Amino acid sequence: MSHSQAQQDLFVLKQTNFLKNGLFVDIAAAHAIEINNTYLLEKNYNWDGISIEIDSKYNESWKERKTKYLNLDAFSVDYKKIFDELLKKHNKKFKHLNYLSLDLEPPELTNKLLHFLPLDEFTFDVITYEHDSYRVGEKYKNDAKCYLTNLGYSLVSENI
């Protein structure tokens with residue numbers, strides 16, 4: 001059963017062939033279980049990762065999870081350092097993780113963070129990116145698509 005708002009967790013599992021022991025980074029993670037993109041991955045597939053959320057009202061919910069949780073502004077994080085720490089913890093030699101989830105509010109912050117991340121140094125199997133084009137138009141969706149395509153990613157689905 002999906003715990004994500006739009007079944008992002010099931011999409012990620014399908015795209016990674018139901019990978020076990022994957023690694024994720026969940027930025028703007030909100031509640032640890034309810035409407036969460038990584039809870040199912042951790043609980044049923046033994047994934048590990050880092051979850052970042054600025055709103056402290058969710059802190060208590062994260063005590064239920066084994067995932068490293070940072071109650072920080074997403075723009076104050078040293079992503080190179082935390083990505084490297086996660087990879088080192090799992091004895092991974094390459095700068096590759098399995099899943100990146102981005103869902104800041106408002107959508108222009110998600111877009112700004114996408115460009116802030118060291119995606120020229122680290123790669124992911126799957127990236128889900130909430131652009132809210134139904135509310136704000138196509139600007140951020142188109143920018144993300146262009147930016148990620150230039151980094152070598154391909155669009156698999158626009159709607160899950």
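Contact means heavy atoms within 4.5 Å. The views below show a predicted model.

**View 1. Phe83 and its contacts.** Which residues is Phe83 in contact with, leaving aside neighbours within four places in sequence? They are Val25, Leu97, Leu117, Pro118, Phe122 and Phe124.

**View 2. The largest nonpolar core.** This core has 28 residues. Those with the most contacts inside it are Ile27, Tyr79, Phe83, Leu97, Leu100, Leu117 and Phe124. Several elements each supply at least two residues of this core: strands S1 (23–27), S2 (48–52), S4 (96–102) and S5 (123–129), and helices H3 (79–89), H4 (107–116) and H6 (139–150). Helix H3 gives the most, with five residues. Apart from this core lies another, of ten residues. Among them are Phe24, Trp47, Tyr99 and Val126. In soluble globular proteins, nonpolar side chains tend to be buried together.

**View 3. Helix H1 and what it packs against.** Helix H1 covers residues 8–15. Gln8, Asp9, Phe11, Val12 and Leu13 are buried there. What do the buried residues of H1 pack against? Their partners are helix H2 (39–45), strand S4 and strand S5. An α-helix has 3.6 residues a turn, so residues three or four places apart point the same way. Just after H1 comes Asn17, with a positive phi of about 55°.

**View 4. Strand S1, covered on both faces.** Five of the five residues of S1 are buried. In a regular strand the side chains alternate between the two faces of the sheet. Look for Leu23, Val25 and Ile27 on one side of S1. On the other side are Phe24 and Asp26. Both faces are covered. S1 also pairs with S2, in the parallel sense, over five bridges.

**View 5. Ser51, a buried residue of strand S2.** Ser51 sits in S2. The bridge partner of Asp26 in S2 is Ser51. Is Ser51 buried or exposed? Ser51 counts as buried because its relative accessibility is 0%, and the cut-off for buried is under 20%. Not counting residues up to four places away in sequence, Ser51 touches Phe24, Asp26, Ala29, Thr38, Trp62, Thr67, Lys68, Tyr69 and Leu70.

**View 6. Tyr58 and Ala30, brought together by the fold.** Tyr58 is in the loop between S2 and strand S3 (68–70). Tyr58 and Ala30 are 28 residues apart along the chain. Their C-alpha atoms are separated by 6.2 Å. Tyr58 touches Ala30, His31, Glu53 and Tyr69, again not counting residues up to four places away in sequence.

**View 7. The second largest pocket.** Rolling a probe the size of a water molecule over the atoms shows where empty space is left. The second largest pocket has a volume of about 490 Å³. It is lined by 26 residues. Which of them are the closest to its centre? They are Ala28, Glu53, Asp103, Leu104 and Glu105. The lining divides into 14 nonpolar, five polar and seven charged residues.

**View 8. A cis peptide bond at Pro106.** Pro106 is found in the loop between S4 and H4. The peptide bond from Glu105 to Pro106 is cis. Its omega is near -5°. Glu105 also appears in the pocket view, among the residues closest to the centre.

**View 9. Asn21 and Asn91, each with a positive phi.** Asn21 lies in the loop between H1 and S1. Its phi is positive, about 65°, although Asn21 is not a glycine. Asn21 counts as partly exposed because its relative accessibility is 46%. Asn91 is in the loop between H3 and S4. Phi of Asn91 is near 55°, a positive value in a residue other than glycine. Asn91 counts as exposed because its relative accessibility is 68%, and exposed means over 50%.

**View 10. Asn37, a buried loop residue.** Asn37 lies in the loop between S1 and H2. Asn37 is buried, with a relative accessible area of 8%. What does Asn37 touch, not counting residues up to four places away in sequence? Its contacts are Ser4, Gln5, Gln8, Asp9, Asp26, Tyr99, Ser101 and Thr128. Gln8 and Asp9 are among the buried residues of H1. Asn37 and Ala144 are 107 residues apart in sequence, and their C-alpha atoms are 19 Å apart in space.

Note on methods. Residues numbered from 1 in each chain as written. Predicted model: local features only at pLDDT ≥ 70, side-chain atom pairs only at ≥ 80, totals over all residues. Heavy atoms only, no water. Buried < 20%, exposed > 50% of the residue type's maximum accessible area, 1.4 Å probe, protein only. Helix = DSSP H or I, 4+ residues; strand = E, 2+ residues; numbered from the N terminus. Core = buried A, V, L, I, M, F, W, Y, C linked by side-chain atoms within 4.5 Å. 1 Å grid on protein atoms, 1.4 Å probe; cavity = no way out; pocket = protein on both sides within 12 Å on 5 of 7 lines; lining within 4 Å. Points joined across faces, edges and corners; volume = space filled by probe spheres on them. Nonpolar A, V, L, I, M, F, W, Y, C, P; charged D, E, K, R; others polar. Pairing = 2+ DSSP bridges.
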